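User: Please take a close look at one short helix in this model and explain how it is held among its neighbours. I would like one connected account, with the supporting values given as you go.

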Amino acid sequence: MPTRERLNEFIAVVESGDHAGAIERYYTEDSSMQENAAAPRLGRDVLVAHERAVLARMSQVYSKAMSSVVEGDRVTIHWNFELTDKTGQVRRFDEVALQEWRGDRIFRERFFYDPSTVKA
């Protein structure tokens, strides 16, 4: 079960822009991520590679946790993101992440957002 302090550390790493590093340090080796109803991505190495590929297409990423809740092994984080790609196009979106932790690491995560709100 994550402590509030451990969750705050994770949030700080993401907000600093080190998204891939956050996955490396805070996710289990067999973790998964799922976007809305899409099939989940499986395994920390796959998650890190995907994150690095997304970040490589961006010139700037802004991430802000608006709120978070810890209840036992379950965590909910409300995120705001602003992504600027290398052409200068800006996309903003609002997301809720539901996480299941094993000890002090994330085992499973699912993101919920309205794809129509991912706008320039």
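Analyst: What follows describes the second helix first, then its partner helices, the sheet beside them, and the aromatic side chains. The model is a predicted one, and its local features are considered where pLDDT is at least 70.

The helix in question is H2, which spans residues 19-26. Six of its eight residues are buried, so H2 is largely enclosed by the rest of the structure. The buried residues are His 19, Ala 20, Gly 21, Ala 22, Ile 23 and Tyr 26. The cover over these residues includes two helices, H1 and H3, together with strands S1, S3, S4 and S6.

Consider the contact with H3 to begin with. Helix H3 covers residues 44-56, and it packs against H2 at an angle of about 170 degrees, the two axes being 8 Å apart. The two helices are therefore roughly antiparallel to each other, given that angles over 145 degrees are counted in that way. On the H2 side the contact is made by His 19, Ala 20, Ile 23 and Glu 24, which meet Arg 44, Leu 47, Val 48, Glu 51, Arg 52 and Leu 55 of H3. Sorted by class, the residues of this contact are five nonpolar, one polar and four charged.

The contact with H1 can be described in the corresponding terms. The axes of H1 and H2 come within 8 Å and cross at roughly 150 degrees, which makes H1 roughly antiparallel to H2. Here Arg 6, Glu 9, Phe 10, Val 13 and Val 14 of H1 meet His 19, Ala 22, Arg 25 and Tyr 26 of H2. This contact comprises five nonpolar, one polar and three charged residues. His 19 appears in the contact with H3 and also in the contact with H1.

Both partner helices also lie against strands. Helix H1, residues 4-15, lies across S1, S3, S4, S5 and S6, and runs at about 165 degrees to S3. Helix H3 lies across S1, S2, S3 and S6, and runs at about 55 degrees to S1.

These strands belong to an open sheet of six, in the order S2-S1-S6-S5-S4-S3, with mixed pairing. Strands S2 (41-42) and S3 (58-71) stand at the edges with a single partner strand each, so one side of each is left without a neighbour in the sheet. The mixed pairing can be followed strand by strand. S1 and S6 run parallel and are joined by five bridges, with Phe 111 of S6 as the bridge partner of Glu 35. S1 and S2, by contrast, run antiparallel and are joined by two bridges, among them the one that pairs Met 33 with Arg 41 in S2. Five residues lie between the strands in the hairpin of S1 and S2, where Asn 36 takes a positive phi near 45 degrees. Further along, twelve bridges join S3 to S4, residues 74-85, in an antiparallel arrangement, and Arg 74 in S4 is the bridge partner of Glu 71.

The aromatic side chains bring the account back to the helices. A search of the whole structure finds six aromatic pairs. One of them is formed by Phe 10 and Trp 101, which are edge-to-face, with 6.4 Å centre to centre and 85 degrees between the planes. Phe 10 lies in H1 and Trp 101 in S5, so this pair ties together parts that are 91 residues apart in sequence. Both rings belong to buried residues, Phe 10 having a relative accessible area of 2% and Trp 101 a relative accessibility of 1%. Ring pairs link these two residues with Tyr 26 and Tyr 27 into a cluster, and Tyr 26 is one of the buried residues of H2.

A last link to H2 runs through Arg 105, which lies in S6. Arg 105 is partly exposed, with a relative accessible area of 30%. Leaving aside residues up to four places away in sequence, Arg 105 touches Arg 6, Glu 24, Arg 25, Tyr 26, Tyr 27, Thr 28, Arg 44 and Glu 100. Of these, Glu 24 takes part in the contact of H2 with H3, whereas Arg 25 and Tyr 26 take part in the contact of H1 with H2.

Terms used: Residues numbered from 1 in each chain as written. Predicted model: local features only at pLDDT ≥ 70, side-chain atom pairs only at ≥ 80, totals over all residues. Heavy atoms only, no water. Axes fitted to C-alpha atoms, helices over the stretch in contact; angles between N-to-C directions. Helix = DSSP H or I, 4+ residues; strand = E, 2+ residues; numbered from the N terminus. Parallel < 35°, antiparallel > 145°, perpendicular 65-115°, else oblique. Contact = heavy atoms within 4.5 Å. Nonpolar A, V, L, I, M, F, W, Y, C, P; charged D, E, K, R; others polar. Pairing = 2+ DSSP bridges. Buried < 20%, exposed > 50% of the residue type's maximum accessible area, 1.4 Å probe, protein only. Phe/Tyr/Trp six-rings, centres within 6.5 Å; stacked < 30°, edge-to-face > 60°.
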